[in-house]
Every structure is written in C-alpha cells, then in structure tokens.
Amino acid sequence: MSAISSNDLPTEAGVAPVASKIRADRVSVYYGEKRAINEISIDIQANQVTAFIGPSGCGKSTFLRCLNRMNDTIDICRVTGSIVLDDEDIYDPKVDVVQLRARVGMVFQKPNPFPKSIYDNIAYGPRIHGLVSNRTDTDRVVEASLKRAGLWEEVKDRLLDSGTGLSGGQQQRLCIARAIAVQPEVILMDEPCSSLDPIATARIEELIDELRKNFTIIIVTHSMQQAARVSQRTAFFHLGDMIEYGDTEQVFTNPAEQKTQGYITGRFG
Amino acid sequence: MSDEHIVKSFGEELERIDQLIVEMGGLAETQLASAIRALVRRDAELANQVVDGDARIDELESDVNERIIRLLALRQPMAGDLRVAIAALKISNELERIGDYAKNVAKRTVVLVQSPAMPATLAISRMGTLVQGMIKAVLDAYVARDALAAEDVRLADQEVDQLHTSMFRELLTYMMEDPRNITPCTHLLFIAKNIERIGDHTTNIAENVHFLVRGEDPDGARPKRDRSSSTMVKPASSAAAAGTSGNQ
C-alpha cells in the first residue's frame, strides 16, 4: 500500500476510487521559524472516517486545525501549500472563514458546551448563519440535530436546562449535535473521547459510524484501538511528517513502514 | 523486530509463545524421527514411547492457546504482534496434528512388528526423513522470520507427494502378489499416508510463516504431485506384467 514520501500523493493500487472531499497538497505549517509539519499531501475521502494517529507533538492536531483554518487564530502560525475542499482552495483570500467553519465543523477534546440552555447550544449556530428564520424552524433543527447525535431521548424533557449540567458523554454528544446543526460537510474531531468513560466512548463511536453516511469525518485520536474501530482510513504522523496513509485494516495488520509498526505495537522510543 | 516493547512484560509474553512453538516443533520432529526409527528397526518399545510422548505436545498446544487468548484479551496486539499471535495459534494447531500422525505411525508399528518385514519400509523411511527435514527447515524459517526459506519448504512437499504416490502403487502390488501381505501393507499404506499428511501440515506451517513475515498469504497455488487418490493398479494378467501397470 501507500508508503508516502512527503511530496507524493498516495497511490492506491487495487482500491476502488472514492470521491475525495479534501485534497491537501504539500502543506507545511510554521510556528514562527519552526516548521511543525512538513509538506503533507493527503486525499481525504468523502463519507469516510479518516483517523490521524501519532505520538504527541507529531503534528496531527496542527494539520487537523489547518483544515478549517483554526490555525489562523494563532498569530505566529503560517501555512503553506494548498488545501482544496471540493474544488475550492480554502486558503484563498476570498474565502469567508466563518462560512468555511460552518462547512467544516469541529468537536474538541474537552466537551465545551456554551453556558446556555441545551436548546440554545444547538440553536446558536443555525441562528447566526441564518439557517433558521422562526421558532418552528429552530425547534425542528434542534430536535433533528439532537436526534442525530443520539441525545434527544435523554434531554427532550429538559431542553431549557443548562448544557453544562449534562454528564461528560452527554456534553460531548451535545457538542456534536451543535456541530451538525449548521449542516457541515466535514466534521473534525480532536480526541473527542479522551475525557469520556468507555460506555460514553462507545456511544460516540457508534455515532461517528452513523454520521459518516452524511458527513466526512476526520478524527485525531491517541487511542489506536479507537482509530482501528471507527475509521476506514488511517494516517500515521511522526515528527511533522506523514509516514503512512492507507486502509485502516492494512495499517493495523500489515503496516508498510517500520515506524508505523513500531508506534502501533508500542515499540516507539 | 529489533526494537523492544515499551511494556517489557508484553515482549516477554510474545517471546515465551515463540519459545513454546519452537519446543513443540522440536518435539514433533523428534516424535516423527523416533516413529520412523521404530518402524525400520521393528522396535515396539520405542514405538510405545512415541505413543506416550504425544501427550506432551498436546499439553504444549493448550498452553500456547491459553497464552494467546490471554494476549489477545489483555494486550490487544496490533500489526506484527497480531500476526505473531495468529500465526502461533495456527502453527501450534498444525504441530499438534503432526504429533497425532506420528503417534499413529508408532501405533501401527506396534502391530507391524508382529508380521514379517516388508521391503517397502525403506522407502517409507526415506519419505519420513524428507518430511523430518521439512519440519526442521520450517522451524528454522519460523525462528529466523524467513519467508523465502518457508517458501522452499512449501515447494519441497512435491517430492513427498511423488514418493507417496509411488509407495501407494508399490504396496498395492505386494498385496496382489500375496493376500497375506494385506494386513501389513494396509498398515504401511496408512503410515505412508500419515507421513504425507505431515508434509501437508508442514507446508501449512510454511504458509503461516509467510503470513507472519509478510502479512499476506503466499502467492499462487502450491503444486501438488500426490496422485494416489487417482491411482489404479490393475491385477497382472500375465507373468510379464509383474510390476505395476499404473493408470493415473
């Protein structure tokens, strides 16, 4: 399978072509003078879950944050190369970053509901993006989003309670419901289960599998078992390079690169 | 893999499984060698020792199985480690079968020593030596994680198949010559078949070694030369046809 040299796109012999949703070409990220990631090229396929794995500091979160220009918020951070979402270069100066982030939503490591009601947590995005114009519309979006996030049954009788009063797992599903309420195309997840217990984690993983029918999902995770469980494609990052990108099954049974093998079997120095 | 596991006990468990496979393999090889020696020397005592010795291989197999189940449950091995676990699980199963066949050779030897010696035993011993060499080679390939050496073993099995086919025809001829040969020859037929099966299990191990090293099964079907299933030896119609008139 595809062993990546940094400026080659992965070639995938024998794999049926799947529409790519995001195409990154020689993306590098600098924090001041220091280069954090080196010329990463990757095709993210539509309606698939792609997992980014690698040791802390390998650049996987940095790269993830490039995909909806979250790195723009860091002054000294500079991104080179190109990232194309469908046919649009997301780093084109004409791109409206707020609109981009509506298309490419994000769920963070720690659940971060707004200190508002469950209802308002969901309704906020659709309101500011003008996706809803009246109360009936908003009610519908709130209900649909909570249902898709598998949270509706648990909260339907207390929609006006504060979002922060929910359990950790519920809060994370609330954040996912909030992310999908603005009808994104891609959802980025940065270690979404790292503060959750195994049952809440299983619920989120089941949800991720459900959501990929409608969204393209990219997940950064420190749990290799989680990457193996939820993703169809896995990319392994190390020291700012993408070492290997391939079908999850292949990466976890027969990785092409020695470094990948070392990392996923726990032999990494 | 040269690098060590960060979790030492995990690495040690994998090593222990490796050692057990090698121990099982060594025993299976010895069992076969002793069974053949007992057959050639008409040594019932040695044959009985082989019969008793099989229990140890069975014990080792269940030890390997338990360890691998525990490893899968508690360590969730990935990539190369996963392949070590799966290959060891399958190889131990093959070795256990090899042990059973060697035991059966020994059991039949105990019966055979009660009737006159047959000339065919020498050819059987040649076959046995060949298969024994294959077991040794495949174990070396396992230890060295050498897929090419494993492939050689896989291909060597053709010769065993050929020997088995000619042995089959030879034994049928003896039986036709003298009905009193039927009992010993039938036992020898089964012994030859057992050794041929051991060769097959050894090639299965070779395939597992290939998977262990390369992460995929070897390419291409293995060439088969065993024609005994379609061999027919017609009764000699004249004295001139005293040999075989094989029909493949």
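The legends below walk through several close-up views of this predicted model. Residues are numbered from 1 along each chain as its sequence is written, chains are lettered from A, and ligands are numbered from 1, both in the order in which they are written. In this predicted model, local features need pLDDT of at least 70 and side-chain atom pairs count only at pLDDT 80 or more, while totals for chains, interfaces and linings use all residues.

**View 1. Six strands of chain A form an open sheet.** Follow the order β6-β7-β8-β3-β9-β10 across this sheet of chain A, whose pairing is mixed. Here strands (E, at least two residues) and helices (H or I, at least four residues) are DSSP runs numbered from the N terminus, and two strands pair if DSSP finds at least two bridges between them. At the edges sit β6 (104–107) and β10 (241–247) of chain A, each pairing on one side only. On average, neighbouring strands of the sheet are turned by 20 degrees against each other, direction ignored; the axes are lines fitted to C-alpha atoms, for helices over the stretch in contact, and angles run from 0 to 180 degrees between N-to-C directions.

**View 2. Edge strand β6(A) meets its partner β7(A).** Four bridges link β6(A) with β7 (residues 186–190) of chain A, in the parallel sense. Look for G105(A), whose bridge partner in β7(A) is I187(A), and for V107(A), which has M189(A) as its bridge partner there. In a regular strand the side chains alternate between the two faces of the sheet. Both faces of β6(A) are covered: V104(A) and M106(A) are buried on one side, G105(A) and V107(A) on the other. A residue is buried if 20 or more other C-beta atoms lie within 10 Å of its own, exposed if 12 or fewer, and partly exposed in between, with C-beta atoms placed from the backbone.

**View 3. Helix α6(A) lies across β6 and β7 of chain A.** This helix (residues 168–181) runs at about 170 degrees to β6(A). Within α6 of chain A you will find Q171(A), which counts as buried because it has 23 C-beta neighbours inside 10 Å. Which residues does Q171(A) contact, leaving aside its neighbours within four places in sequence? They are P111(A), P113(A), G163(A) and L166(A), where contact means that two C-beta atoms, placed from the backbone, lie within 7 Å. Q171(A) and P111(A) are 60 residues apart in sequence, yet 5.7 Å apart in space, C-alpha to C-alpha.

**View 4. Helix α7(A) has buried residues on one side.** The 14 residues of α7 (198–211) of chain A reach 19 Å from first C-alpha to last, close to the 20 Å expected at 1.5 Å a residue; the expected span is 1.5 Å times one less than the number of residues. Buried here are I204(A), L207(A), I208(A) and L211(A). They cover an arc of only 105 degrees around the axis, so they are on the same side of α7(A); the arc is that of the directions from the helix axis to the C-beta atoms. These buried residues pack against β3 (49–53), α6, β7, β8 (216–220) and α8 (224–230) of chain A. On the other side of α7(A), P198(A) and I199(A) are exposed.

**View 5. A four-stranded open sheet of chain A has antiparallel pairing.** Its order is β2-β1-β4-β5, with β2 (34–45) and β5 (88–89) of chain A as the edge strands. Eight bridges join the antiparallel strands β1 (residues 20–31) and β4 (residues 77–85) of chain A. To find your place, start at A24(A), whose bridge partner in β4(A) is I83(A).
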